[in-house]
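Subject: Structure handover

Hi there,

Here is the structure I promised to pass on to you. Have a look at it first, and then read my notes below.

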Amino acid sequence: MKESGNQLDTNNEKYYLGIDPGRDKTGVALVTASGELLAVQVIRTRSFTDALQKFLLEKLQVANFWGLRKKLQAVVIGNGTNSETHKQWVARALPGFTVYEVDETRSTEEARDLYWELFPPKGWRKLIPLGLQVPPEPLDGLAAVVQVRRFLHQENSIEMKKSL
């Protein structure tokens with residue numbers, strides 16, 4: 001997945017880091033509290049820690065860990081393949097950050113729908129039903145977006161129940 005945008009408007013807004021853990025590749029995404037996608041990337045799992053830190057420092061335009069603490073609200077990780085190992089890596093790479101685990105059942109299907117929403121087919125491909133088309137790039141980064149959105153939806157549901 002290509003990164004969306006080279007730079008973010010990182011004024012005072014807090015962001016959520018989504019992680020779709022995998023054996024060979026891992027999707028990461030930065031998402032606003034309103035669910036807006038800011039940056040997405042697929043990284044090799046074997047270089048996860050270094051690539052994650054580089055992704056965050058670059059995309060959030062901070063120079064160090066302390067700057068990161070001001071911008072990153074929480075980490076949301078899917079509970080699927082290799083998630084326990086990834087949680088340990090996140091704890092080492094981002095000590096002190098809250099890590100929330102969400103159910104990642106069918107997140108790839110939702111990521112596929114999100115892909116076609118963001119990048120609708122053009123030309124003659126518009127004539128082929130989306131269900132018969134395969135996105136031309138890995139969906140792991142968008143699956144990380146789906147997981148953050150699920151987390152935000154759960155949080156909003158809890159807040160609404162509290163206010164009733």
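Before the notes, one definition: the expected span of a helix is 1.5 Å times one less than its number of residues. Helix α4 is where I used it: this helix has twelve residues and reaches 16 Å from its first C-alpha to its last, close to the 16 Å expected. Within α4, the buried residues are Ser-107, Ala-111, Leu-114, Tyr-115 and Trp-116.

Please keep in mind that this is a predicted model. The average pLDDT for the protein is 89, and 90% of the residues score at least 70. Residues 1-6 fall below 50, although in the model this stretch has 20 contacts beyond near neighbours in sequence. Where pLDDT is low, the predicted coordinates should not be read in detail.

**The sheet**

Five strands form an open sheet with mixed pairing, in the order β3-β2-β1-β4-β5. At the edges stand β3 (37-44) and β5 (99-102); each has a single partner strand, so one side of each is left without a neighbour in the sheet. From one strand to the next, the twist averages 20°. Strand β1 (residues 15-20) pairs with strand β4 (residues 72-78) in the parallel sense, over five bridges. Gly-18 stands opposite Val-76 in β4.

**The salt bridges**

Side chains of opposite charge can pair when their charged atoms come close. How many salt bridges does the structure hold? There are four.

One of them joins the side chains of Lys-25 and Asp-140, at 3.6 Å from N to O. Lys-25 lies in strand β2 (residues 25-32) and Asp-140 in helix α5 (residues 140-163), so this pair ties together parts that are 115 residues apart in sequence. Asp-140 is buried, with a relative accessible area of 13%, whereas Lys-25 counts as partly exposed at 37%.

Helix α5 also supplies Arg-150, whose partner is Glu-110 in helix α4 (residues 107-118); the two are 40 residues apart and link distant parts of the chain. Their side chains meet in a salt bridge at 2.5 Å, N to O. Is Arg-150 buried or exposed? Arg-150 is buried, with a relative accessible area of 18%. Its partner Glu-110 is partly exposed, at 37% relative accessibility.

In helix α3 (residues 83-93), Glu-84 and Lys-87 are three residues apart, and therefore separated by about one helical turn. Their side chains form a salt bridge at 3.0 Å, N to O. Glu-84 has a relative accessible area of 49% and is partly exposed; Lys-87 is partly exposed as well, with 24%. These two residues and Glu-101 are linked in a network of salt bridges.

**Around Ser-83**

Ser-83 also belongs to helix α3. This serine is buried, with a relative accessible area of 5%. Which residues does Ser-83 touch, not counting residues up to four places away in sequence? They are Pro-21, Ile-77, Gly-78 and Glu-101. Glu-101 therefore turns up in two places in these notes: as a contact of Ser-83, and in the salt-bridge network with Glu-84 and Lys-87.

Happy to talk any of this through with you.

Best wishes

Note on methods
Residues are numbered from 1 along each chain as its sequence is written. This is a predicted model: local features need pLDDT of at least 70, side-chain atom pairs count only at pLDDT 80 or more; totals for chains, interfaces and linings use all residues. Side-chain values use heavy atoms; hydrogens and water are left out. Helices (H or I, at least four residues) and strands (E, at least two) are DSSP runs, numbered from the N terminus. Buried means under 20% relative accessible area, exposed over 50%, partly exposed in between (1.4 Å probe, protein chains only). Contact means heavy atoms within 4.5 Å. pLDDT is the predictor's confidence in each residue, from 0 to 100. Two strands pair if DSSP finds at least two bridges between them. Axes are lines fitted to C-alpha atoms, for helices over the stretch in contact, and angles run from 0 to 180 degrees between N-to-C directions.
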